[in-house]
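Subject: Structure for you to look at

Hello,

Here is the structure I said I would pass on. Please open it beside this message, and read the notes below with it on screen.

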Amino acid sequence: MQKLPLYRTYRCAICHKSSQPVSGQDLNVFGVDFRSNAYLWNAALAAKDSDEDGFRNGLELGDENGDGVPEIAVERSNPGDPFNTPNSVDRSTWGILKSLFED
Ligand SMILES: [Ca+2]
Ligand SMILES: [Ca+2]
């Protein structure tokens, strides 16, 4: 596991297609970009949108300027999964909240 500002929610799945990866294998698009960036989290990587879902890596990981200091406690969404965006997470969170009150 290399150094990212946050990996609490998605953990290995941020860089790997599998949630139980063999080290260095099964890299997703963000994992490939992270490796090409010499496993450095910085402003250049934060400004990229590896999975091309319209949200920059820094926004998804909660460290928009890439200085390694997260602005929030957990990631907004997975920068390696185009189907996982801040909007989709908000929707599922609201679904969970709503279900708590529909009892
Ligand atoms: Ca993205
Ligand atoms: Ca994403």
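A residue counts as buried if 20 or more other C-beta atoms lie within 10 Å of its own, as exposed if 12 or fewer do, and as partly exposed in between. R11 has 13 other C-beta atoms within 10 Å, so R11 is partly exposed. Please keep in mind throughout that this is a predicted model.

Overall picture

The protein chain has 4 helices and 0 strands. Its pattern along the sequence is therefore written α-α-α-α. The radius of gyration is 14 Å, close to the 13 Å that the globule rule gives for 103 residues, so the chain is as compact as a globular protein of that length. Along the principal axes, the C-alpha trace spans about 50 × 30 × 20 Å. Of the 103 residues, 32% are buried. If you take the contacts between residues at least 6 apart in sequence, 40% of them join residues at least 24 apart.

How far to trust it

The average pLDDT of the chain is 88, and 92% of the residues score at least 70. Confidence is highest in α2, with a mean of 97, and lowest in α4, with a mean of 76. Where pLDDT is low, the predicted coordinates should not be read in detail.

The core

In soluble globular proteins, nonpolar side chains tend to be buried together. Here the largest nonpolar core has 11 residues: L4, Y10, A13, I14, C15, F30, F34, W41, L45, A46 and L61. Two helices, α1 (29-36) and α2 (43-47), each supply at least two residues of this core. C15 is a useful member to click on. Leaving aside its neighbours within four places in sequence, C15 is in contact with L27, N28, F30, G31, F34 and G80.

Helix α1

Which residues of α1 are buried? They are F30, G31, D33 and F34. These residues cover an arc of only 160° around the axis, which puts them on the same side of α1. Among the elements that cover them are α2 and α3 (57-61).

Positive phi angles

Three residues with a positive phi are worth finding in the backbone. R11, in the segment before α1, has a phi of about 45° although it is not a glycine. A38, which follows α1, has a positive phi near 55°. Y39 is in the loop between α1 and α2, and its phi is positive too, at about 55°, although Y39 is not a glycine. Y39 counts as partly exposed because it has 13 C-beta neighbours inside 10 Å.

E60 and N78

E60 lies in helix α3. Is E60 buried or exposed? With 29 other C-beta atoms within 10 Å, E60 is buried. Its contacts, leaving aside neighbours within four places in sequence, are F55, E75, R76, S77, N78, P79 and P86. E60 and L6 are 54 residues apart in sequence, and their C-alpha atoms are 9.9 Å apart in space.

N78, one of those contacts of E60, sits in the loop between α3 and α4. N78 has 24 C-beta neighbours inside 10 Å, so this residue counts as buried as well. Apart from neighbours within four places in sequence, N78 is in contact with Y10, A13, I14, E60 and N84. Y10, A13 and I14 also belong to the core listed above. The C-alpha atoms of N78 and Y7 are separated by 9.2 Å, with their positions 71 residues apart along the chain.

N87

N87 is in helix α4 (residues 86-101), the helix where confidence is lowest. N87 has 13 C-beta neighbours inside 10 Å, and for that reason counts as partly exposed. N87 and W41 are 46 residues apart along the chain, and 23 Å separates their C-alpha atoms.

When you go through the model, I would take the core before the single residues.

Regards

How values were computed
Residues numbered from 1 in each chain as written. Chains lettered and ligands numbered in written order. Predicted model: local features only at pLDDT ≥ 70, side-chain atom pairs only at ≥ 80, totals over all residues. Core = buried A, V, L, I, M, F, W, Y, C linked by C-beta atoms within 7 Å. Contact = placed C-beta atoms within 7 Å. Arc of directions from axis to C-beta. Rg over C-alpha atoms; globule rule 2.2 N^0.38 Å. pLDDT = per-residue confidence, 0-100.
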